[in-house]
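Colleague: I would like a close look at the salt bridges in this protein. Please go through them pair by pair, then place them against the rest of the fold.

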Amino acid sequence: MTFTALLVEKDDDGTVSAAVRELDDSRLPEGDVTVAVEYSTLNYKDGLCINGKGGLVRTYPHVPGVDFAGTVEASQDPRYRPGDRVVLTGWRVGEIWWGGYATRARVKADWLTPLPGALSTRQAMAIGTAGLTSMLAVMALEKAGLSPPKGEVLVTGAAGGVGSVAVALLARLGYAVAAVTGRPEAADYLRDLGATTIVARSELSEASGRPLESERWAGAIDAVGGEMLARVLKQMKYDGAVAAVGLAAGAAVPSFTVIPFLLRGVSLIGIDSVMRSYDQRVDAWNRIVADLPMEKLEAMVEEHRLSDLPELANRILAGQVKGRAVIDVRA
Ligand code: NDP
């Protein structure tokens, strides 16, 4: 049998290229569950893997795709049977293991999560790694004491994948949501998702030179990092919490100081969606089903095919993809 995949290869001269190929099943990696993949998505990390950037891919040829949803075809693990619908996020799948940009994937049973009954495989991927990460961030902020009466919650990189789901989720939970975006044309989109305030990226992207600024935010989900994270920390209300999710603007935070932690009791919480235990994933997916406004999900989705991915990869690395890019791998 064969399957179709986006194969990323590296030439002898180090040039990385990606193309859709028909591959023999014998090329699938070791694993106890084989899944007929229906949908995957494009995440920031996928953009890096398709272009061979960031040192994420260790061996070539490689099939990227950090998440997927589909139906079990064969299983050597008693927890899964043919016909079961499953979703996979994390565990370095799509980075060091062949991932979701293929009509067939073989993985370890431990990495899979049963698809919550209420979700289609397409909805699961409209949510995907970005949505799971947003949910984990919200749960972490709640654990740190955040609740709607405490004040406005800031979301950075708001028109991106993580940001879009975070805005919709927080709004449904009753929070006043301020959305930071560098795209003025995305303001209506963000308001439709539930943002109450739009903040221009330029307002927060430059260093301020002051150790603290006026208190503005009770909580924040930051997908951007870089200087913006330092500005957000300086603007947190007393006892506020920031969930650090991403680094779209860079990993280094040049003007970082401990002052917001010492003088305002601010918390900075790191969110990692990759190495989540089975129970943590099931909890988060159940919360997503309960709390995410599914009617808002479709507004975030653009659907694409495997052959669109090389061009899409460049767009996501340039911060130009809006919402969630869902890939129908069978198209
Ligand atoms: P997207 O590209 O979809 O979104 C990132 C958004 O950040 C962009 O849409 C843009 O939003 C903003 N942005 C991009 N470049 C800059 C810049 N130079 N300065 C300021 N803002 C910028 O990516 P994702 O939402 O998929 O991922 C966001 C980040 O989260 C990535 O770094 C990713 O690796 C990380 N991530 C982490 C996870 C975890 O487990 N911790 C899981 C998933 C993702 P706008 O146009 O609105 O300004």
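Modeller: In this predicted model, the count of salt bridges comes to 16. Three pairs are worth taking in turn.

Start with K45 and E95, whose closest N and O atoms are 2.9 Å apart. This pair links distant parts of the chain, with the two positions 50 residues apart. K45 belongs to helix 1 (residues 44-50), while E95 sits in the loop between strand 5 (85-89) and strand 6 (104-107). Are the two partners buried or exposed? K45 has 29% relative accessibility, so this lysine counts as partly exposed. E95 has 3% relative accessibility and therefore counts as buried, the cut-off being under 20%.

The next pair is R104 with E73, where the closest N and O atoms are 2.8 Å apart. Here too distant parts of the chain are linked: R104 lies in strand 6 and E73 in strand 4 (residues 67-75), 31 residues apart. R104 is counted as buried because its relative accessibility is 10%. E73, with a relative accessible area of 33%, is partly exposed. The pair does not stand alone, since D25, E73 and R104 are linked in a network of salt bridges.

The third pair is D328 and R330, with 3.2 Å between the closest N and O atoms. D328 has a relative accessible area of 12% and is therefore buried. R330 is partly exposed, its relative accessible area being 46%.

Now for the domains. The domain assignment gives domain 1 as 2-115 + 296-328 and domain 2 as 129-270. Their centres, taken over C-alpha atoms, are separated by 29 Å. How many salt bridges are found across the interface of domain 1 and domain 2? The rule finds zero there. The two domains do touch: 14 residues of domain 1 are in contact with 14 residues of domain 2. The size of an interface is often given as the accessible area lost when the parts come together. For domain 1 and domain 2 the buried area is about 1,100 Å², and carbon and sulfur atoms account for 59% of it. On the domain 1 side, K296, M300 and K322 lose the most area to domain 2, together making up 40% of what that side buries.

Two other parts help to complete the picture. Helix 6 (residues 226-234) is mostly covered, with nine of its nine residues buried. Charged residues are not left out of this: among the buried positions in helix 6 are E227, R231 and K234, alongside others including M228, L229 and V232.

A nonpolar patch on the surface gives the other side of the matter. F256, V258, L262, L263 and L268 form this patch, and together they have about 480 Å² of accessible area. V258 is placed in the loop between strand 12 (236-244) and helix 7 (259-264). With 46% relative accessibility, V258 counts as partly exposed.

To return to the request: the K45 and E95 pair and the R104 and E73 pair each link distant parts of the chain. The interface of domain 1 and domain 2, by contrast, has zero salt bridges by this rule.

Terms used. Residues numbered from 1 in each chain as written. Predicted model: local features only at pLDDT ≥ 70, side-chain atom pairs only at ≥ 80, totals over all residues. Heavy atoms only, no water. Patch = residues over 30% accessible without salt bridge, like charges linked within 9 Å, V, L, I, M, F, W, Y side chains within 5 Å. Areas by Shrake-Rupley, 256 points an atom, 1.4 Å probe, with all protein chains shown as cover. Salt bridge = Lys/Arg side-chain N within 4 Å of Asp/Glu carboxyl O. Helix = DSSP H or I, 4+ residues; strand = E, 2+ residues; numbered from the N terminus. Buried < 20%, exposed > 50% of the residue type's maximum accessible area, 1.4 Å probe, protein only. Domains from an automatic or database assignment. Contact = heavy atoms within 4.5 Å. Buried area = accessible area lost by both parts, 1.4 Å probe.
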